[in-house]
Structures are given as structure tokens and as C-alpha cells.
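These are my notebook entries from a reading of one structure. I set down what I looked up, entry by entry.

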Amino acid sequence: MNGIRLPSADGGFRLHRPSRVPLGPFTRGPARSRVLYCAAHVATAPAATPEAGGPAVDWEATLAFRHRLWALGLGVAEAMDTAQRGMGLDWPAAAELIRRSAAEARTVGGRIVCGAGTDQLPAGRLHPLAAITAAYEEQLAYVESCGAGAVLMASRALAAAARSPEDYLEVYGGLLRQSTRPVVLHWLGPMFDPELKGYWGHDDLDEATDVVLKIVSEYPERVDGIKISLLDAEREGDLRRRLPAGVRCYTGDDHHYPQLIAGDGEFASDALLGIFDPIAPIAARAAQALDLGDPAGFRALLDPTVALARHLFAPPTRHYKTGIVLLAWLAGYQEHFTLLGGHESARSLPHLATAYERADLLGLFPDPELATDRMRELLAAHGAGA
């Protein structure tokens, strides 16, 4: 296979020689040592246009991708921010995605949790707490009616309306009292969504941590765990040490996940990660090493993926979905590189070229020649082909 000229951020080009040795086939049962969820992306249908009357999802490709994750022993975190929730995927489409994915999970015994939020409320206006609570209740009831566990997603509406930590205590307390099964709480930092700044009623993260711990400590039997995405390994380590026994800490830290999942010898994080979407085959192999009592092997497999993860999740972090969908297209898991709302244009061509290069070096493309041909196609479409 011939080399490919990739554009660099400095305006130049570099030659990359594509891999010839992709990762081989791998299947396994669910990981035993940790609970590992992949926040999975959605594939957009080719005819997805604003004129089409809403988001158009390629259901066949989207659900097939989830079956790949289950076959690797990973769980699926459905309708989360990786699926463009709140930036292209509206509530009706999210509800359909949840229904379909939960049904597919039942056919294979796949582990699944689904996002419940407040995004059916009109954006750009202030909503009373009662309306926000009702929106949460509607989505929570829907997720549970589909037979899935719920992730109570951080709410932009609540972040805008809350005037004190007590408002969060009131809303979350009411939801936890009526949930029919333990839920996952969701703490998404402002690097992922600037509208969530000051969540839990405080800009100060120490004080915010105290609030969320108060919620968990009042309802430990109703909380399966908390997913924390602050890209701060030290803070996550402190939080997980303070959680009540039996409540999991799900790392959402796409920069430090190997060390957090491996643990410190006393405490370890489970995971609910967007980066597991492109690196699922490696994550599954690493999980097997952990199950076999080989933490060094776990780190040897997962540590090399961090360079790709930090690149995909570089600021502005919320645009990480662009690189993830690019890699799914290059890997042959979908037939086109488009995102809901046109977000395929959110990253520069050099950024995408580096994502391709780092994924290829990890052996993540089942067909390296197809991936290279598609990368060449993309470069040519932007006038950077050679």
C-alpha cells in the first residue's frame, strides 16, 4: 500500500505509511472486573438535511455498531452526548434510539443504560423547576419502560434555572424517590458543554462535589453510580473514595481513563466513556487482561490509546464527536462521514488527518486499505489530495 500525504497544522504535509496489520477478530463475554459502558455515536442517514424535518438516523448502521460493542463484552450507554444529544439529536429521535437499542440489547443480553434529561423543553428560555422536574420524569419513565437503566443527564435547563444547591437537591431527590431501579448520575463539566458551568449550584468544584455527595448519601440504594467527566484524575480519585459503599464511580475522563480504571490498589473506577467508541477492540482486550489479574497487561494495551483520545478530545472538547464519526466511517462501520447538524465541519482537516494517523498506528481499522482510500477521498474533496 502506497503512503498517504497528510496535511499538518503548520500548512505542510507529512508522509504516512498505512498499517498492514489490523487487530484480529475478538469476541468475549461481559467484563467481570469493571462495568464498562461505551457512549456510542449515531450514524446519520445520507438524506439527513434540515429540509427533511428533523434528525435522520441510519438505523441499520447505528444498531449494527451497538451489536459490535456487545459482542466485545462492552455495555452501551445510549442517547448520551456522544450521540449528539443536545446538538443534533432531539428528544423524539433520542426516544426512538432508546427504544430500538433497548430492544436490540434484549436479543443478545447486552448491557445498556440510556440518557434521561430535559431536552424536550424549548431552548433559550428560563423554565420553572416544576417544569424541569416534569421533563426529567417523562424521560426517566420512558427509559425504564423500555427496560433499560437510566442515566440522569446533566440538564442545561436546570443549570440555567437553579438559584442554589437546594434546587438541585430538590429536583434530584424527587427523581430518585420515584425511580424504579438504581440510576447513574451524570456530572458533565463545562469543557464538554459550556452551558453546564456551575452545576450542582457552585462554580467551586470542591463545593459542587459536596452537593453531589449529599444527594448520593441520602439515596445510596437508588444510585448505581455517578459518571464524572471533569478531566481531573485527582478530583475523581477523591470523589470515588468518598462515595458510599456499593455506589460506583464511572469515569468519563477521556484523558486519564487507563490509570483511573486500573485503580490505586484500594479504589478503582468503572467507565462510561466516549473514547471507547473508536477504541472498543482494544478496550475489550484490556478488560480481558484485567479480568485475568494482569493489570500491567491492561495498561500496556490501553495506555497507547491515550494519545488518540487526547487528540480527539482536545479543546473545544465538545467537538470530539467529529473525530469519532470520522473513524467509524474510515473503519467501514458506516458509509459516509456526516454528523447531525453538519458537525462534520467542526474540526480542521489537519486535526482529522492526525486522528486517522493515530488510529491507524493502533491497528483500529479492520481494512487499512479502505480506511486509507476514504482518507484520500476526504483530502481530495478539500483540495488536499495528491
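**Entry 1. Helix H12 and its surroundings**

I looked up what the buried residues of H12 pack against in this predicted model. I found four helices as partners: H9 (276-291), H11 (306-312), H13 (349-361) and H14 (368-381). H12 itself covers residues 320-330, and 11 of its 11 residues are buried. Among them I noted Tyr320, Lys321, Thr322 and Trp329. The list of buried residues also includes Gly323, Ile324, Val325, Leu326, Leu327, Ala328 and Leu330. I recorded that Gly332, just after H12, takes a positive phi of about 90°.

**Entry 2. Pro7 and the hairpin**

I next asked whether Pro7 is buried or exposed. Pro7 has a relative accessible area of 7%, and it counts as buried because this value is under the 20% cut-off. I placed Pro7 in strand S1, which spans residues 4-7. S1 is joined to strand S2 (residues 13-16) by 4 bridges, and the two strands run antiparallel. In that pairing I found Pro7 opposite Phe13 of S2. The hairpin of S1 and S2 has 5 residues between the strands, and Gly11 takes a positive phi near 95° there.

I then listed the contacts of Pro7, leaving aside neighbours within four places in sequence. They are Gly12, Phe13, Arg14, Leu349, Pro350, Ala353 and Leu379. I also looked up the separation of Pro7 and Glu369: they lie 362 residues apart in sequence, and their C-alpha atoms are 19 Å apart in space.

**Entry 3. The barrel**

I traced the strand order of the closed barrel and read it as S3-S4-S5-S6-S7-S8-S9-S10, 8 strands with parallel pairing. From one strand to the next, the twist averages 25°. I checked one pair in detail: S9 (residues 248-251) and S10 (residues 270-273) run parallel and are joined by 2 bridges. Within this pair, Thr251 stands opposite Ala271 in S10.

I followed this with the helices on the sheet. Helix H2 (residues 91-108) packs on the sheet and touches strand S4 (75-78) and strand S5 (112-116). The direction of H2 makes about 170° with that of S5. Helix H6 (residues 205-218) lies across strand S7 (183-188) and strand S8 (223-229), and I noted an angle of about 170° to S7.

**Entry 4. The largest pocket**

I looked up how much space lies in the largest pocket, and the value is about 670 Å³. It is lined by 32 residues, and those closest to its centre are Gly86, Asp119, Arg156, Asp193 and Glu195. Helix H4 (156-161) and S7 are the elements that give two or more residues to this lining. H4 has the largest share, with 3 residues. By class I recorded 15 nonpolar, 7 polar and 10 charged residues in the lining of the largest pocket.

**Entry 5. The second largest pocket**

Which residues are closest to the centre of the second largest pocket? I found Phe26, Arg68, Leu72, Pro281 and Tyr333, out of 20 lining residues. The volume of this pocket is about 310 Å³. Helix H1 (59-71) and H9 each supply at least two residues of its lining. I noted again that H9 is one of the helices against which the buried residues of H12 pack. The lining of the second largest pocket divides into 14 nonpolar, 3 polar and 3 charged residues.

Definitions and conventions
Residues are numbered from 1 along each chain as its sequence is written. This is a predicted model: local features need pLDDT of at least 70, side-chain atom pairs count only at pLDDT 80 or more; totals for chains, interfaces and linings use all residues. Side-chain values use heavy atoms; hydrogens and water are left out. Buried means under 20% relative accessible area, exposed over 50%, partly exposed in between (1.4 Å probe, protein chains only). Contact means heavy atoms within 4.5 Å. Two strands pair if DSSP finds at least two bridges between them. Axes are lines fitted to C-alpha atoms, for helices over the stretch in contact, and angles run from 0 to 180 degrees between N-to-C directions. On a 1 Å grid over the protein atoms alone, a cavity is a set of points where a 1.4 Å probe fits but cannot get out, and a pocket is an open set with protein on both sides within 12 Å along at least five of seven lines; lining residues have an atom within 4 Å of a point. Grid points are joined across faces, edges and corners, and a volume is the space filled by probe spheres set on the points. Ala, Val, Leu, Ile, Met, Phe, Trp, Tyr, Cys and Pro count as nonpolar, Asp, Glu, Lys and Arg as charged, and the others, Gly among them, as polar.
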